[in-house]
Every structure is written in C-alpha cells, then in structure tokens.
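Student: I am new to this structure and would like a close look at a single part of it, the sheet. Please start there and then follow the chain outward to whatever connects with it.

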Amino acid sequence: PVVNTRTDRTESRMILRGYGENDQPDFGVLASTAGQTVELKDLGPNEILINEVSAKTLDAKSGDEIMIITPEGERIFILRAVLKNGGLASGGSTPVGLMGLSNLQNVFARNGEIDRIGVSNLGGIEDSLVHSEEVTQYLRTELLNISVAERIFDLLNTEEVIEQLNKKIDDVKTSDESKNDLRKVVRELGSPDMSDEFVALIGDQTVRGLVQLTVKDLDKGALTPQIALESRDLGDFRIDDEKADYLRLANTIGNGITTFLSIFGSFSIVVGLLLIFLVMVLLAAARKIEMGMSRAVGFKRSHLMRIFMIEGAIYSAMAATLGTMLGIIISITLVELLRRAVGVDDFQIYAKFTGTSLIITWGSGFILTLITVVISSYRISRLNIVSAIRGLDEEFVKGPEDSWGKRARDLLYAL
C-alpha cells in the first residue's frame, strides 16, 4: 500500500517498478504532466515518480510525501513528478510508481535481486518486431539447458507423436496460430538432429503446453508428465516475446472490430448507392424536356450518357473528399470516446491514419459512386423523344425493347 501523507489518501494496488538508471534511454522518454522530461538517473535516494492514474487516486502533486508500506516497514519518499501515462509509466487503470533499481531493492530488502530483465530491440514500436523472433531464438538457445532440450526432443521424436500432432493440425477447432506453431514442431521433429529452432520452440511455454496437451493420451498418459518433469530443468529463465504477443493480440482484436464494422457499414454503403441512383434519376426527370429537345436536334444516347457521367464524376469526387474528411473527424471522436470509456492495463488506444489508407478510402468511395452514376446514366439515356418533349411519362409511349446485347454495346460505347 501507498499513502499520500498530505491528503491521507491510499492506493492499495500500487505497482512499484525499479529500472536500471542507465537503461532508461533504451525504453523511451519519461514525460511529466508539466511538460518536462524526467530521467531516473536524476532521482535522489528518497525520490519517486508516479503516473497519472496514481496521482488521481492519491490526489498527489510534486513535493508530496509518499509513504510506502511493506513487510519490512515504512519508507517515506518525496514525489519528484507526475508522469504522463504510456511507456515505462504504463497506462489504462494501472497505478505505477517508478524509482531506481537500487532504491527499490532497498525498499524490499532484496539487494542484488532482479525479477525481470527487459530487452529493447533496435527500431520503434512496430519496426523493432523484425528482430523479435531472431533475438528470442538467440536468447533461448544461449540461456536454456541444451541437454534437457535434447531429452525432450528424443521423447517427442517418434512416429506416434508426429501423427498425433498432425491430427491436431488438421482439426478445424485448432486456431491458425496454434497450427503454425505445431507445423514448426513437426518440421523440426522430422530432422534426425535437434536444431536451435527446436530449442526456441520448446522454450516457449505456450508451444510446450500445446504439445503436452496434444500428446496427453499417448503412452497411456505417461508422456506428458515426463515432458513436464524435464521442463523443470530446462532453464532458470523464461524468455517471452511479450511485445510481439501483445501486438498480435491487438491485430486480432482490430481485425475483429474491422470485420464487425464492415458488415454493418456495407448496409450503409448499399443504401447510399441506391440514394445516388435515385438522385440522378430525379435530376434527369427535372430536365426531361431539355433532354428530349437535345435528342430531337441530333444528340445521341451516348452524348446524354457522357453529360451525366461527367456531372456524376464531379459529384463523386466532391462526395468522396467530403466523406473522407468527415470519416477522419468521426473516427478521431469515436476513438477518443472509446479510450476514455475503456481502461485497459498497459494497452493504449489511439487513432492512426496513413496516406495509403486515405487514398484507398477516397478511391473506393469515388469508384463505387462513379459506377452507380454510369448505371443510372445508361438508364436515363433510354428516353422516348416524343414523350420527353411533351413531358409525358414513359409508360404512355412504349417503344420497341432493345436486346441485352445492344444495351451492352451502347454502354461500352459510352464508356
């Protein structure tokens, strides 16, 4: 528990983290709510940083005394600054306090002990993933017990195990990600000697658990306990590519939301296209006499189609531009409302636009509208000259029906 001695407000779920003072630059910048950049190496032995979530609960501000209560006793720290959520300061609904690694070790009387080691790849948030698989494989190969991995390889390298893994791969209930992992395991088991790739795979607790679950019925159920027993000596470290896992989860959630919104958005698109078709027909109806007189003095149907297609193309470009701009504004608004409504630990929601996505959005809107305009223009051009000049409806003067072949040729000629 943590107490602000000035306000007597308490946060019982505070997460205290200590980082190596010289390692902070590799994990991003710490920005305070006052707009200043803070570095862990500048903290005194009795100073602490907290994020916005903690500050709101404790009603804390810079200079307050923060009491940390542990089984070892009570310690008073001076609040150096309140950090903006994000990065090492986390976010969502996670209350976090930061200090130097040595200070945190002293607070819990665990000098020289470290719970977790973070590895920062080269690059930014997304492009650093290029190195994630290679770095993870290297660490597992170097830090895991190779002799134990060989014994696990020998336990799994049997025809019965490979057959069982292939059955799991063919099962429709198996997720695509699990199928990919099992295919890699089967490929490695097909080799006579163990490779570094197998060490990396079996060092992944998720993959190892999946394999154990798949082969649980083999050898009268004795194989899974043997693998579990060997895994205890596989290594003192558990190497996880957490960032890649979180980004894959984010992509899965994003794709699901995109599919959901696309299904409902398609109805709006269909209604919009029908509305465009109706508007073009109504515009033609208002100019029916003018169109009939134009046909009487020598205009062809293709000429009328071209006139309405040019007019419709202008409308399409204007509508696509306006729709894209409104879409950006509405998207930013909805994302901001979602970000404030949903507090997810260490998971930030923000709007992001790229030039490619904007071009695709504008182009798809323009093309769909233009196709609708072409179809409506063809329908408009098929008017009876006499009835148009007299302002009569088409059903009063029926002309001979054109064949579908002639209609297709007229449409292609107009295009």
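Tutor: What follows begins with the sheet and then moves to the loops, salt bridges and helices.

The model is a predicted one. Its open sheet has seven strands in the order 2-1-7-8-6-9-3, and the pairing is mixed. At the edges stand strand 2, residues 9–11, and strand 3, residues 15–19; each has a single partner strand, so one side of each is left without a neighbour in the sheet. From one strand to the next the twist averages 35°.

Inside that order, strand 6 and strand 8 are a good pair to look at. Strand 6 covers residues 47–51 and strand 8 covers residues 73–83; the two run parallel and are joined by five bridges. One residue pair can be named here: Glu-47 has Ile-78 of strand 8 as its bridge partner.

Strand 8 also holds Ala-81. Is Ala-81 buried or exposed? With a relative accessible area of 9%, Ala-81 is buried, because the cut-off for buried is under 20%. Which residues touch Ala-81, once its neighbours within four places in sequence are left aside? The contacts are Ser-32, Val-38, Ile-48, Leu-49, Ile-50 and Ser-62. For a sense of distance along the chain, take Lys-352: it is 271 residues from Ala-81 in sequence, and the C-alpha atoms of the two are 29 Å apart in space.

Now take the loop between strand 1 and strand 2. Asp-8 is located in this loop. Asp-8 has a positive phi of about 60°, although it is not a glycine. As background, most residues other than glycine have a negative phi. Asp-8 is also exposed, its relative accessible area being 61%.

Arg-6 belongs to the loop between strand 1 and strand 2 as well. The side chain of Arg-6 meets that of Asp-64 in a salt bridge, with 2.9 Å from N to O. Asp-64 is in the loop between helix 1, residues 52–58, and strand 7, residues 65–70, so the pair links distant parts of the chain, 58 residues apart. The two partners can be compared by their accessibility. Asp-64 counts as buried at 5% relative accessibility, whereas Arg-6 is partly exposed, with a relative accessible area of 44%.

How many salt bridges are there in the model? The count comes to 11. A further one joins Arg-110 to Asp-115, whose closest N and O atoms are 2.7 Å apart. Arg-110 is partly exposed at 32%, and Asp-115 is exposed at 63%. Glu-113 comes in here too, since Arg-110, Glu-113 and Asp-115 are linked in a network of salt bridges.

The stretch that leads up to this network has its own details. Asn-103 lies in helix 2 and counts as buried, at 11% relative accessibility. Apart from its neighbours within four places in sequence, Asn-103 is in contact with Gly-44 and Pro-45. Ala-109 follows in the loop between helix 2, residues 101–107, and helix 3, residues 132–143. Like Asp-8, Ala-109 is not a glycine yet has a positive phi, in this case about 55°. Ala-109 counts as exposed, with 54% relative accessibility.

Two helices further along the chain complete the picture. Helix 6, residues 176–189, packs against helix 8, residues 205–214, at an angle of about 80°, and their axes are 10 Å apart. Helix 6 is therefore roughly perpendicular to helix 8, because angles of 65 to 115 degrees count that way. On the side of helix 6 the contact is made by Ser-178, Asp-181, Leu-182 and Val-185, and on the side of helix 8 by Val-207, Leu-210 and Val-211. Sorted by class, this contact has five nonpolar, one polar and one charged residues.

One more salt bridge, between Arg-187 and Glu-188, has its closest N and O atoms 4.0 Å apart. Arg-187 is partly exposed, with a relative accessible area of 48%, while Glu-188 is buried at 10%.

Note on methods: Residues are numbered from 1 along each chain as its sequence is written. This is a predicted model: local features need pLDDT of at least 70, side-chain atom pairs count only at pLDDT 80 or more; totals for chains, interfaces and linings use all residues. Side-chain values use heavy atoms; hydrogens and water are left out. Two strands pair if DSSP finds at least two bridges between them. Helices (H or I, at least four residues) and strands (E, at least two) are DSSP runs, numbered from the N terminus. Axes are lines fitted to C-alpha atoms, for helices over the stretch in contact, and angles run from 0 to 180 degrees between N-to-C directions. Buried means under 20% relative accessible area, exposed over 50%, partly exposed in between (1.4 Å probe, protein chains only). Angles under 35 degrees count as roughly parallel, over 145 as roughly antiparallel, 65 to 115 as roughly perpendicular and the rest as oblique. Contact means heavy atoms within 4.5 Å. Ala, Val, Leu, Ile, Met, Phe, Trp, Tyr, Cys and Pro count as nonpolar, Asp, Glu, Lys and Arg as charged, and the others, Gly among them, as polar.
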